[in-house]
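Here is a small set of exercises to work through with the structure open in your viewer. Try each task before you read its solution.

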Amino acid sequence: MSLKDKIDTERLPEHIAIIMDGNGRWARQRSRPRVFGHRHGVTSVRETAEAAAELGVKYLTLYAFSTENWSRPRAEVTALMKLLVQTIHKETKTLHDNNIRLLAVGNLENLPKVTLDELQDAIKETAHHDRMSMILALSYSSRWEITRAIQEMTKDAKQGKLDPDQVNENLISEYLTTKGIPDPELLIRTSGEYRISNFLLWQIAYAELYFTPKFWPDFRKEDLYEAIIDFQKRERRFGKTSEQIVK
Ligand code: IPE
Ligand code: IPE
Ligand code: MG
């Protein structure tokens with residue numbers, strides 16, 4: 001029985017989020033510059049997106065560049081932005097072939113114009129695809145997103161567009177950049193680090209966390225299958241007791 005066959009497709013996570021980490025260390029192991037690792041990470045993105053779409057996952061969010069990543073050496077940031085343009089351009093075909101819609105969350109205004117243009121073109125070109133949505137988190141951090149949401153809410157309240165008594169969890173979700181996207185049930189982080197690094201703090205309140213020591217450029221379809229199999233073995237209790245969970 002293959003790994004894929006062990007997955008119960010009736011109980012798939014609807015939304016999987018991934019912190020794609022370890023590109024730099026993967027390159028260092030090969031005595032190559034960090035950007036060599038980023039370049040190889042593209043194959044992992046393609047494989048993972050294909051595997052998720054083939055299984056029937058509806059949303060895949062990939063943490064590609066954080067707010068904090070702007071503080072990396074300028075050459076690395078520039079190389080990453082260039083790689084993004086090339087990748088989005090080249091991989092639009094993969095998105096079409098697999099009926100995948102591209103979306104992006106984050107402070108996109110901070111991206112270089114060429115990167116933003118390429119991204120927006122791909123978002124427009126794939127808007128009709130409906131098998132799966134692939135959401136790139138770019139120039140994203142959760143605290144940035146929550147701060148921005150509070151700014152917008154207070155502005156709307158001041159202008160009489162929002163009644164403070166109406167504020168509840170659903171309304172807060174509506175003000176986040178992930179508006180309309182269900183919360184991830186499964187969060188994967190590669191590279192053996194056990195932290196969240198400012199990713200989707202609100203949205204992962206009840207996500208199952210899965211950590212793998214593999215570096216992102218080594219991540220393949222089988223690794224996604226393993227994470228999902230692990231997820232399916234867990235009992236999600238949401239604060240209740242085991243006995244209360246109807247099997
Ligand atoms: C993840 O790999 C990619 C980005 C954050 C852009 P890293 O570049 O963080 O690689 P490591 O963690 O230094 O190995
Ligand atoms: C998290 O990885 C951000 C992305 C994967 C885009 P980092 O490598 O930036 O995280 P830290 O600095 O190790 O927490
Ligand atoms: Mg890292």
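## Ligand 2 and its surroundings

A polar side-chain atom of Ser197 lies 2.6 Å from an oxygen atom of ligand 2. Keep in mind that this is a predicted model.

**Exercise 1.** Find which side chains besides that of Ser197 place a polar atom by an oxygen atom of ligand 2, and work out what share of the ligand's area the protein buries.

*Solution.* Step one: list the shell, which includes Ile19, Met20, Asp21, Tyr63, Asn69, Arg72, Arg189 and Ser197. Step two: look for N or O pairs within 3.5 Å, the cut-off for a polar contact. The side chain of Asn69 has an N or O atom 2.9 Å from an oxygen atom of ligand 2, and for a polar side-chain atom of Arg189 the distance is 3.4 Å. Step three: turn to area. On its own ligand 2 exposes 390 Å², and the protein buries 78% of that.

**Exercise 2.** Identify the element that gives the most residues to the shell around ligand 2, and trace how it pairs with other strands.

*Solution.* Start with the shell: strand S2 gives the most, with four residues. S2 spans residues 59-66, and seven of its eight residues are buried. Next, follow the pairing. S1 (residues 15-19) runs parallel to S2 and is joined to it by five bridges, while S4 (residues 132-140) pairs with S2, also in the parallel sense, over seven bridges. Finally, pick one residue to see both sides: Tyr63 is the bridge partner of Ile19, and its partner in S4 is Ala137. Both Ile19 and Tyr63 belong to the shell around ligand 2.

## Ligand 1

**Exercise 3.** Describe how ligand 1 is held: its polar partners, its cover and the elements around it.

*Solution.* First, collect the distances to oxygen atoms of ligand 1. A side-chain N or O atom of Asp21 is at 2.8 Å, a backbone N or O atom of Arg25 at 2.7 Å, and a polar side-chain atom of Arg34 at 2.7 Å. Then check the cover: of the 380 Å² accessible on ligand 1 alone, the protein covers 87%. Last, assign elements. Helices H1 (23-29) and H2 (34-55) each give two or more residues to this shell, and H1 supplies the largest share, three residues.

**Exercise 4.** Which pocket does each ligand occupy?

*Solution.* Take the ligands in turn. The space taken by ligand 1 is the largest pocket. Ligand 2 sits in the largest pocket as well. Now compare the shells: Met20, Asp21, Ala64, Asn69 and Arg72 appear around ligand 1 and also around ligand 2.

Notes
Residues numbered from 1 in each chain as written. Chains lettered and ligands numbered in written order. Predicted model: local features only at pLDDT ≥ 70, side-chain atom pairs only at ≥ 80, totals over all residues. Heavy atoms only, no water. Buried < 20%, exposed > 50% of the residue type's maximum accessible area, 1.4 Å probe, protein only. Pairing = 2+ DSSP bridges. Near = heavy atom within 4 Å. Polar contact = N/O pair within 3.5 Å; in protein donor to acceptor, adjacent residues only side chain to side chain. Areas by Shrake-Rupley, 256 points an atom, 1.4 Å probe, with all protein chains shown as cover. 1 Å grid on protein atoms, 1.4 Å probe; cavity = no way out; pocket = protein on both sides within 12 Å on 5 of 7 lines; lining within 4 Å. Sits in = over half its atoms within 2 Å of the grid points.
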